[in-house]
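Student: Got a minute to walk me through a model? I'd like to go from the overall fold down to single contacts.

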Amino acid sequence: DEDRLGEPFVGQAGRLLDAMLAAIGLRRGEDVYIANVLKSRPPGNRDPQPEEVAACLPYLERQIELLRPRLILALGRFAAQSLLGSGDSIARLRGQLHHYRSVPLIVTYHPAYLLRNLPDKAKAWDDLCMAKATMQRLKACDTSKKGNEQ
């Protein structure tokens, strides 16, 4: 469906992602920009090969550079490992604040994974709460800086 519609996270995983975002007051297309590490789906929907990630990563890096996000939420192993340059598991990376080129980055589970592993939804909720709190701190810092400039 993603390839046919030209949009990431459609179908059941997309609906779950939209619900997750809504739970913290965000909406796709308004507050959130979604980008994939790979710019096309691997044959048979298999995991991407390292050379495929390496070929596509410069495009993702450029998207991030142009968008200048205030916060990155890395969904799933390939997003997290690619942006952090790490081979660590999601379990090891989640629950802490990372940075990608000075942009705060939070790691959580991919929505498709959560559909198959319901107990980890609670952990993903914790990650989303951390993302929301981080964003609130960033906004508070911006407000404070603007107040000091006046």
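Here is a back-and-forth on the fold, a few salt bridges, one helix and one pocket.

Tutor: First the ground rules: this is a predicted model, where local features need pLDDT of at least 70, side-chain atom pairs count only at pLDDT 80 or more, and totals for chains, interfaces and linings use all residues. Residues are numbered from 1 along each chain as its sequence is written, and side-chain values use heavy atoms, with hydrogens and water left out.

Student: What pattern do the helices and strands follow along the sequence?

Tutor: Helices (H or I, at least four residues) and strands (E, at least two) are DSSP runs, numbered from the N terminus. The chain has 7 helices and 3 strands. Read in order, the pattern is α-α-α-β-α-α-β-β-α-α.

Student: What is the radius of gyration of the chain, next to what the globule rule gives?

Tutor: The radius is taken over C-alpha atoms, and the rule is 2.2 Å times the number of residues to the power 0.38. For 150 residues the rule gives 15 Å, and the chain comes close to that, so it is as compact as a globular protein of that length. Along the principal axes, the C-alpha atoms fill a box of roughly 55 × 35 × 30 Å. The radius of gyration itself is 16 Å.

Student: What share of the contacts with a separation of 6 or more is between residues 24 or more positions apart?

Tutor: A contact here means heavy atoms within 4.5 Å. On burial, 33% of the 150 residues count as buried, where buried means under 20% relative accessible area, exposed over 50%, and partly exposed in between (1.4 Å probe, protein chains only). The share you asked for is 55%.

Student: Which residue meets Arg-94 in a salt bridge?

Tutor: A salt bridge needs a side-chain nitrogen of Lys or Arg within 4 Å of a carboxyl oxygen of Asp or Glu, and the structure holds 8 of them. In this one the N to O distance is 2.9 Å. It links distant parts of the chain, 33 residues apart, with Arg-94 in the loop between helix H5 (90-93) and strand S2 (98-100) and its partner in helix H7. The partner is Asp-127.

Student: Are the two ends of that bridge buried or exposed?

Tutor: Arg-94 has a relative accessible area of 17%, so Arg-94 falls in the buried class. Asp-127 has a value of 1%, so Asp-127 is also buried.

Student: Which residue forms a salt bridge with Arg-27?

Tutor: The closest N and O atoms of this pair are 3.0 Å apart. Arg-27 is exposed, and its partner is exposed too. That partner is Glu-30.

Student: Which residue pairs with Lys-123 in a salt bridge?

Tutor: The N to O distance is 3.3 Å. Lys-123 has 37% relative accessibility, so Lys-123 counts as partly exposed. Its partner has 12%, so that end is buried, and sits in the loop between helix H6 (111-116) and helix H7 (121-149). The name is Asp-120.

Student: Leaving out residues up to four places away, which residues does Asp-120 touch?

Tutor: One of them is Tyr-109, which lies in the loop between S3 and H6. Tyr-109 has 7% relative accessibility, so Tyr-109 is buried; its own contacts include Arg-94, Asp-120 and Lys-123. The full set for Asp-120 is Tyr-109, Tyr-113 and Leu-114.

Student: Which residues of helix H4 are buried?

Tutor: H4 covers residues 77-84. What covers its buried residues includes helix H3 (50-67), strand S1 (72-75), H5, S2 and strand S3 (103-108). Just after H4, Gly-85 takes a positive phi of about 60°. The buried ones are Ala-79, Ala-80, Gln-81, Ser-82 and Leu-83.

Student: Which element gives the most to the lining of the second largest pocket?

Tutor: On a 1 Å grid over the protein atoms alone, a pocket is an open set of points where a 1.4 Å probe fits, with protein on both sides within 12 Å along at least five of seven lines; lining residues have an atom within 4 Å of a point. This pocket's lining includes Arg-68, Pro-104 and Lys-145, and its volume is about 190 Å³, the space filled by probe spheres set on grid points joined across faces, edges and corners. The top contributor, with 4 residues, is H7.
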